[in-house]
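Here's a quick tour of how the inside of this protein packs together. Have the structure open and follow along.

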Amino acid sequence: MGDCGTLAGVANELSVAFGVNGERHKLTLDPRESLLDVLRERLALFGTKKGCDQGQCGACTVHLDGRRVVSCLTPAVQAAGHEVTTIEGIGRDGLHPLQRAFVEHDALQCGYCTPGQIMSGIACIAEGHAGDDDSAREYMSGNICRCGAYAGILQAVREVA
């Protein structure tokens with residue numbers, strides 16, 4: 001039988017460098033740390049929310065080199081040499097058009113899911129999946145809103161697309 005893939009022999013910490021919102025960071029990380037925990041606990045970027053911590057709700061959605069990922073399931077060491085964009089990084093020169101559309105279409109209620117919804121919406125638009133309501137719904141379906149602001153979220157994404 002071959003190696004079962006245990007953690008035996010794995011270094012306790014790894015030195016990793018990656019960009020976050022245009023700023024370079026060099027950190028020493030436990031290889032088991034999630035990108036979500038590093039963003040929130042080490043870099044004090046609290047806009048990315050911890051929802052289910054199982055990759056099912058989308059509250060922790062960020063972009064890794066422009067591709068959306070759920071950061072609770074992404075090992076932080078996977079960001080090595082890449083660029084992470086969080087909700088804090090999209091509105092540097094004022095509100096992003098999708099943030100404005102969320103306000104205009106009342107697409108946020110409690111606001112907890114909003115950062116993940118916006119990051120997912122930006123990616124959905126960039127991926128070309130917001131051309132019609134059904135497609136936008138499908139590609140946004142990994143993001144849960146417990147308040148039920150889905151109609152406003154869909155309107156906002158479609159308007160910006």
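What follows covers the nonpolar cores, one buried polar residue and the internal empty space.

Keep in mind that this is a predicted model. Let's start with the packing. The largest nonpolar core has 20 residues, and Ile90, Leu98, Phe102, Ile118, Ile153, Ala156 and Val157 have the most contacts inside it. Five helices each chip in at least two residues:

| Helix | Residue range |
|---|---|
| α2 | 87-90 |
| α3 | 97-104 |
| α4 | 114-126 |
| α5 | 133-140 |
| α6 | 150-160 |

Another core, of 16 residues, lies apart from that one; Phe18, Val20, Leu27 and Ala79 are among its members. As a rule, nonpolar side chains in soluble globular proteins tend to be buried together.

Zoom in on Leu98 next. Skipping residues up to four places away in sequence, Leu98 touches Ile118, Gly121, Ile122, Ala156, Val157 and Val160.

Now for a polar residue: is Thr86 buried or exposed? Thr86 has a relative accessible area of 0%, so it counts as buried. You'll find Thr86 in the loop between β5 (83-85) and α2. Its side chain makes a polar contact of 2.8 Å with the side chain of Asn21. Beyond four places in sequence, Thr86 is in contact with Val20, Asn21, Leu39, Leu45, Thr48, Val62 and Met119.

And the empty space? There's one cavity of 30 Å³ or more, and the largest cavity holds about 30 Å³. Its lining includes Ala107, Leu108, Tyr112, Cys145 and Ala149. By type, the lining residues split into eight nonpolar, three polar and no charged.

How values were computed. Residues numbered from 1 in each chain as written. Predicted model: local features only at pLDDT ≥ 70, side-chain atom pairs only at ≥ 80, totals over all residues. Heavy atoms only, no water. 1 Å grid on protein atoms, 1.4 Å probe; cavity = no way out; pocket = protein on both sides within 12 Å on 5 of 7 lines; lining within 4 Å. Points joined across faces, edges and corners; volume = space filled by probe spheres on them. Nonpolar A, V, L, I, M, F, W, Y, C, P; charged D, E, K, R; others polar. Core = buried A, V, L, I, M, F, W, Y, C linked by side-chain atoms within 4.5 Å. Buried < 20%, exposed > 50% of the residue type's maximum accessible area, 1.4 Å probe, protein only. Helix = DSSP H or I, 4+ residues; strand = E, 2+ residues; numbered from the N terminus. Contact = heavy atoms within 4.5 Å. Polar contact = N/O pair within 3.5 Å; in protein donor to acceptor, adjacent residues only side chain to side chain.
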